Amino acid sequence: MRKTMIDQTVNCYLQTLFPAIMGSEVSKEKMDMALEDLRQSLDLLEEKFLQDKLFLISNKISLADVLAVVEVMQPLAVALDVLEGRPKLSAWRDRVKKELGEKLFEEAHERIGDSKGLQQKMQNNSTLERLKPKYEKLFR
């Protein structure tokens, strides 16, 4: 189950975040598939892990919560709030944010909201420029 969730999350990032960073586009079909995979991962997170607890493992924050919240925050880089319409997961994220400290949480995720700046920075990265043709071949 864990491997499936990780695979789906990685697939979504490859098809949503990398295009934004690299300045390329992904077909609607591939984007829809990636978003469906992400939706399934979020359902799993909510139904199998969070259930009726305050946090993923118990009613106390754990490393699992910290790692998972980082994953659900990443799509914000492409202005995709994956917790929209998910009040249970949104409340969980807010509890994690409060436990970690709001200032620290905001600082840690500050650059995620700056996808344009990240895109410009990455486009000037020679390693990524060499990978771009391979990436585009995979996802077009």
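This passage looks at a helix pair and at two residues, Q51 and E46, in a predicted model.

A good place to start is the pairing of helix α3, which spans residues 63-73, with helix α4, which spans residues 87-100. The axes of these two helices come within 10 Å and cross at roughly 120°. Because an angle of this kind falls between the perpendicular range, which ends at 115 degrees, and the antiparallel range, which begins over 145, α3 and α4 are oblique to each other. Their crossing is left-handed. On the α3 side, the contact is made by D65, V66, A68, V69, V72 and M73, while α4 contributes W92, R93, V96 and L100. In character, eight of these contact residues are nonpolar and two are charged, with no polar ones.

Attention now turns to the loop between α2 (residues 28-50) and α3, where Q51 is found. The backbone of Q51 has a phi near 50°, a positive value in a residue other than glycine. With a relative accessible area of 38%, Q51 is partly exposed.

Q51 also appears among the neighbours of E46, a residue of helix α2. Leaving aside residues up to four places away in sequence, E46 touches Q51, R86, K88 and L89. The side chain of E46 is joined to that of R86 by a polar contact of 3.2 Å. The relative accessibility of E46 is 15%, and E46 therefore counts as buried, the cut-off being under 20%.

Methods: Residues numbered from 1 in each chain as written. Predicted model: local features only at pLDDT ≥ 70, side-chain atom pairs only at ≥ 80, totals over all residues. Heavy atoms only, no water. Axes fitted to C-alpha atoms, helices over the stretch in contact; angles between N-to-C directions. Helix = DSSP H or I, 4+ residues; strand = E, 2+ residues; numbered from the N terminus. Parallel < 35°, antiparallel > 145°, perpendicular 65-115°, else oblique. Left-handed = near helix turned anticlockwise from the far one by under 90°. Contact = heavy atoms within 4.5 Å. Nonpolar A, V, L, I, M, F, W, Y, C, P; charged D, E, K, R; others polar. Buried < 20%, exposed > 50% of the residue type's maximum accessible area, 1.4 Å probe, protein only. Polar contact = N/O pair within 3.5 Å; in protein donor to acceptor, adjacent residues only side chain to side chain.
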